[in-house]
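Please open the model in your viewer and keep the sequence panel visible. The tour below proceeds selection by selection.

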Amino acid sequence: MENTTEALAELLAHARHAVVLTGAGASTESGIPDFRSQGGMWERYDPMEVASMATFLSDPARFWSFHRPRIDALSGVAPNDAHRALAELQRRGIVKAVITQNIDGLHAKAGSTDVIEVHGALDRGVCLRCDARVSIDELTARADAAGDGVPRCTRCGFQMKSAVILFGEQLPAEAISAAYDHAERADVMLVIGSSLLVAPVSGLPGIVLDRGGRLAILTESETPYDDRCAVRLHGRAGVQMSEVLAHLDALTA
Ligand code: NAD
């Protein structure tokens, strides 16, 4: 197949069980920087330090001084054309599920229904000691009220975190199992905006390929799967996915 948005539309139009896997690049057009690109988050921070379970446990004030501005930065963001196109593909029954490494909630905001958030979500606060849960607004209110910026559990007094998964923390078992299940059933997987460098999600395209499915990747930088793609696109996700939708309209007109 050719590496064109038209070819991607054809691939999706004939799919029996198409599944989408998104990464940080799906949200950069909403103004959220990705992790590994130039100017991405990890040029400025050491992820193992600031976004790790070890720092959360040993130095919660340092952890929260990084985490809190991120929560604020994400509160006003809106979905972009890539999120909207994927929601439309789900509405049409072409895409069966969206597996996302993103924690920004933008797929749901755009109208996607079956979203599998494998790295957690920034929609609530949790206490790891007694399992108490609070809304994200309550979590930030507690952080604001605390002298050291660390929100605490009113039940057991332990420091709280958001439901975003940290380095060194177990991924949510239910979401991972659902992601593997879709990868095993998928005859087409479309990856959008991921460098495919973070396990275990980076193994999902391999499952699809090993079972005879086909892979499409729409991501600006290189990935380890580039030479195994049926369609490989490099442009901006929002622009390209709008084109894919237009081609699908033409195919079904
Ligand atoms: P990434 O930054 O590794 O890759 C993003 C990819 O998207 C890059 O290949 C980039 O070229 C591409 N891209 C950027 N803008 C694009 C656009 N508009 N259109 C098309 N492509 C675009 O992000 P990733 O693959 O999502 O990283 C894996 C995951 O690792 C992250 O999603 C994150 O959940 C996790 N992670 C989490 C933390 C944390 O804070 N807990 C830290 C590091 C990584």
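Which strands does helix H8 lie across? Select residues 136–145, which form H8 in this predicted model. Helix H8 lies across E4, E5 and E6, and runs at about 90° to E5.

Next, display the strands themselves. The open sheet has three strands in the order E5-E4-E6, with antiparallel pairing. Because strand E5 (133–135) and strand E6 (161–164) each have a single partner strand, they stand at the edges, and one side of each is left without a neighbour in the sheet. On average, neighbouring strands of this sheet are turned by 50° against each other, direction ignored.

Now restrict the selection to strand E4 (residues 120–126) and E5. These two strands run antiparallel and are joined by three bridges. Within the pair, select Gly125, which stands opposite Val134 in E5.

Return to H8 and add helix H5, residues 60–75. How far apart are the axes of H5 and H8? The axes are 12 Å apart, and the two helices pack at an angle of about 135°. Angles of 65 to 115 degrees count as roughly perpendicular and those over 145 as roughly antiparallel; H5 and H8 are therefore oblique to each other. Their crossing is left-handed.

Finally, show the side chains at this contact. From H5, select Trp64, Arg68 and Ile71; these meet Ile136, Leu139, Thr140, Ala143 and Asp144 in H8. Coloured by class, the contact of H5 with H8 shows five nonpolar, one polar and two charged residues.

Note on methods
Residues numbered from 1 in each chain as written. Predicted model: local features only at pLDDT ≥ 70, side-chain atom pairs only at ≥ 80, totals over all residues. Heavy atoms only, no water. Pairing = 2+ DSSP bridges. Helix = DSSP H or I, 4+ residues; strand = E, 2+ residues; numbered from the N terminus. Axes fitted to C-alpha atoms, helices over the stretch in contact; angles between N-to-C directions. Contact = heavy atoms within 4.5 Å. Parallel < 35°, antiparallel > 145°, perpendicular 65-115°, else oblique. Left-handed = near helix turned anticlockwise from the far one by under 90°. Nonpolar A, V, L, I, M, F, W, Y, C, P; charged D, E, K, R; others polar.
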